[in-house]
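Trainee: I should like to request a close look at one part of this model. Please take me through that part and then set it in its surroundings.

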Protein chains: 2
Amino acid sequence: MLDYHQQNHWANGFGGQQSPIDIDPKITIANQQSLSFSMDTNYHLTKLINDQTTIRLIGAGQAVIFNREFNLQQVHFHAPAEHLIDGQQYPFEVHLVHQNTIGQLLVVALMVNVASPSDQLNTILDHFDVNNDVDVNIDITEWLQLNDRTGFHYLGSLTTPPLTEGVEWIVLDAPALTISAAQLKRYQSLFAPNNRIPQPLNHRHIYKL
Amino acid sequence: MLDYHQQNHWANGFGGQQSPIDIDPKITIANQQSLSFSMDTNYHLTKLINDQTTIRLIGAGQAVIFNREFNLQQVHFHAPAEHLIDGQQYPFEVHLVHQNTIGQLLVVALMVNVASPSDQLNTILDHFDVNNDVDVNIDITEWLQLNDRTGFHYLGSLTTPPLTEGVEWIVLDAPALTISAAQLKRYQSLFAPNNRIPQPLNHRHIYKL
C-alpha cells in the first residue's frame with residue numbers, strides 16, 4: 001500500500017517514455033484520424049544559430065495541429081536520422097519543435113531522403129556562420145505539404161537533455177522535403193553524427209497517420 | 001558540447017514538472033481561452049474499487065476537452081485536497097483522469113468544499129465494499145456544469161507513482177460538486193489522509209480559466 005508518510009521514497013517511472021524509437025510498422029495501429037496541420041502566414045524561421053552539434057533555427061508563427069494551437073519554437077537537424085522505420089535509417093531528419101501556452105511540446109519529424117536539393121536548406125547552409133547568429137527569413141511551409149503527410153504519431157521525449165517526457169511526436173515518413181547528396185555532404189562536413197540511439201518502446205502505442 | 005559518444009551519461013531533467021502544486025493566483029496568467037469541455041452520453045462510472053488509499057471508479061465514455069477527444073479512464077478521491085490555492089487547502093479533491101489514444105493524460109481536479117451532500121457521493125459510499133469490486137452506473141455529468149468552470153490550467157504529473165510527467169491539469173476551484181460534513185466524515189473513516197505534498201513549480205506557467 002502506498003505510504004503517504006514516506007512520500008520521498010515513492011518509486012517513479014521516469015525514463016520509460018523516451019525518443020527516438022525504431023518504429024515497427026507491423027505493430028502500429030491503423031489511423032483513426034489523418035494529420036490535421038495548418039500554419040498561419042507568419043510561420044517561418046527567423047534566426048540561424050550554431051548549436052555546436054547542429055544548426056538550430058528560431059521559429060515564429062503558429063500552427064494548428066489536431067485542432068490545437070502551437071507556436072513554432074525552433075527547427076534543427078540530425079544526420080543520420082534518429083527515428084528508425086522498420087530498422088531502416090534515413091540519412092537526415094528535421095525536427096520542427098512546437099510548444100503551446102501551458103508548455104506542451106509537439107515535434108514534427110521529417111524523415112528526409114537524398115534526392116533533389118532543397119532551396120531552403122541551401123539558404124540555411126549558405127548563411128551558416130560558426131561564430132555568429134544570423135538573422136534570416138525562411139519560409140518552410142512547402143516542407144509540410146498537404147499530400148505528403150503520411151507517418152506515425154506517438155508519445156515520447158526530447159532526444160537531447162533534459163530529455164523531457166510527455167512530448168507528442170508526428171513522424172512524417174514521406175515529406176515533400178528532400179536533401180541532395182551535395183547538401184548532405186556540406187552538413188556532414190560541419191557536424192559529427194548527432195543521432196541519439198533508439199530507446200525502448202515499452203508499453204507505448206504508435207498510431208499510423 | 002553534447003557528447004554523442006557518451007549518451008548514457010547525459011543529464012536529464014526528470015522530476016521538475018510534478019503535481020500537486022500550490023497555485024498562487026497572483027502569478028497566474030489571464031485566460032486566453034475558457035474551458036471547453038463536452039461529454040458524450042456514455043460518460044459515466046462503471047465499477048467501484050477499493051484502491052487501499054482511496055476509492056477508485058472505472059470510467060467509460062468520451063469527453064472533448066479543448067477540442068481533443070479523451071476517454072474517461074478513472075475517477076478517485078483525495079482528502080484533504082492535494083492542490084492548494086493561495087496556500088489554502090480544500091477538504092476534498094476529485095480527480096477525473098482522462099487519456100487519449102496516444103496516451104496523453106488530462107486530469108480534471110474538482111476542488112470540493114463542504115456544503116450540501118452529493119447524491120453521487122452517497123451512491124459511491126453506500127456501494128463501497130472493502131473486499132470486492134462493485135458494478136455501478138453513476139452519471140457524474142452534473143459535477144462538470146457549464147457555469148462552474150473557473151479554475152486553472154497547467155502542466156504537471158500524476159500525484160501517485162509512477163508520477164508520470166507531461167500530464168495536463170485542469171483544476172476547477174468552484175465546481176458544482178460539494179460534499180456534506182457527514183459524507184466527508186464517512187470517507188475519512190475509511191481512508192487515512194492521502195494528499196501528496198505540494199511540489200516546486202519551477203519554470204512552469206499557470207493559466208487562469
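Trainee: How many bridges join strand β7 (residues 84-85) of chain B to β8(B), and do these strands run parallel or antiparallel?

Mentor: The model is a predicted one, and what follows should be read in that light. In chain B, β7(B), which covers residues 84-85, is joined to β8(B) by two bridges, and the two strands run antiparallel. Within this pairing, Ile85(B) is the residue that stands opposite Gln88(B) of β8(B).

The pair belongs to an open sheet of three strands in chain B, ordered β1-β7-β8 with mixed pairing. The edges are taken by β1 (22-23) and β8 (88-89) of chain B; each has a single partner strand, so one side of each is left without a neighbour in the sheet.

Chain A offers the counterpart. Its open sheet also has three strands, in the order β1-β7-β8, and the pairing is again mixed. Here too β1 (22-23) and β8 (88-89) are the edge strands, each pairing on one side only. In chain A one can follow the other side of the central pairing: β1(A) and strand β7 (residues 84-85) run parallel and are joined by two bridges. Ile23(A) has Ile85(A) of β7(A) as its bridge partner.

Elsewhere in chain A there is a further set of paired strands. Strand β3 (residues 44-50) and strand β4 (residues 55-60) of chain A run antiparallel and are joined by six bridges. Asn50(A) has its bridge partner in β4(A), namely Ile55(A). The hairpin of β3(A) and β4(A) has four residues between the strands, and in it Gln52(A) adopts a positive phi near 75°. β4(A) is also joined, by three bridges, to strand β6 (residues 68-78) of chain A, and this pairing is antiparallel. In it, Leu57(A) is matched with Val75(A) of β6(A).

The helices complete the picture. Two packed helices are described by the angle between their axes and the distance between the axes. In chain A, the axes of helix α1 (residues 119-127) and helix α2 (residues 181-190) come within 11 Å and cross at roughly 30°, and the crossing of α1(A) with α2(A) is left-handed. On the α1(A) side the contact involves Leu121(A), Asn122(A), Leu125(A) and Asp126(A), and on the α2(A) side Gln183(A), Arg186(A), Tyr187(A) and Leu190(A). Sorted by class, this contact of α1(A) with α2(A) comprises four nonpolar, two polar and two charged residues. In chain B, α1(B) and α2(B) likewise cross in a left-handed sense.

As to the record, UniProt, in an unreviewed entry, assigns the feature "domain: Alpha-carbonic anhydrase" to residues 1-209 of chain A. Over residues 1-209 of chain A, 9% is helix and 36% is strand, and the end C-alpha atoms lie 41 Å apart.

Finally, consider how the chains are arranged. Chain A is superposed on chain B by a rotation of 180° with 0.0 Å of shift along its axis, the RMSD being 0.0 Å. The two copies are thus related as by a two-fold rotation axis. Gly166(A) has the C-alpha nearest the axis in chain A, at 2.1 Å from it. The same surface serves both copies, since 100% of the contact residues of chain A recur in chain B.

Technical notes:
Residues numbered from 1 in each chain as written. Chains lettered and ligands numbered in written order. Predicted model: local features only at pLDDT ≥ 70, side-chain atom pairs only at ≥ 80, totals over all residues. Heavy atoms only, no water. Least-squares fit on C-alpha atoms with pLDDT ≥ 70 in both. Contact = heavy atoms within 4.5 Å. Pairing = 2+ DSSP bridges. Left-handed = near helix turned anticlockwise from the far one by under 90°. UniProt positions renumbered as here; feature names shortened; annotations may be inferred. Axes fitted to C-alpha atoms, helices over the stretch in contact; angles between N-to-C directions. Nonpolar A, V, L, I, M, F, W, Y, C, P; charged D, E, K, R; others polar.
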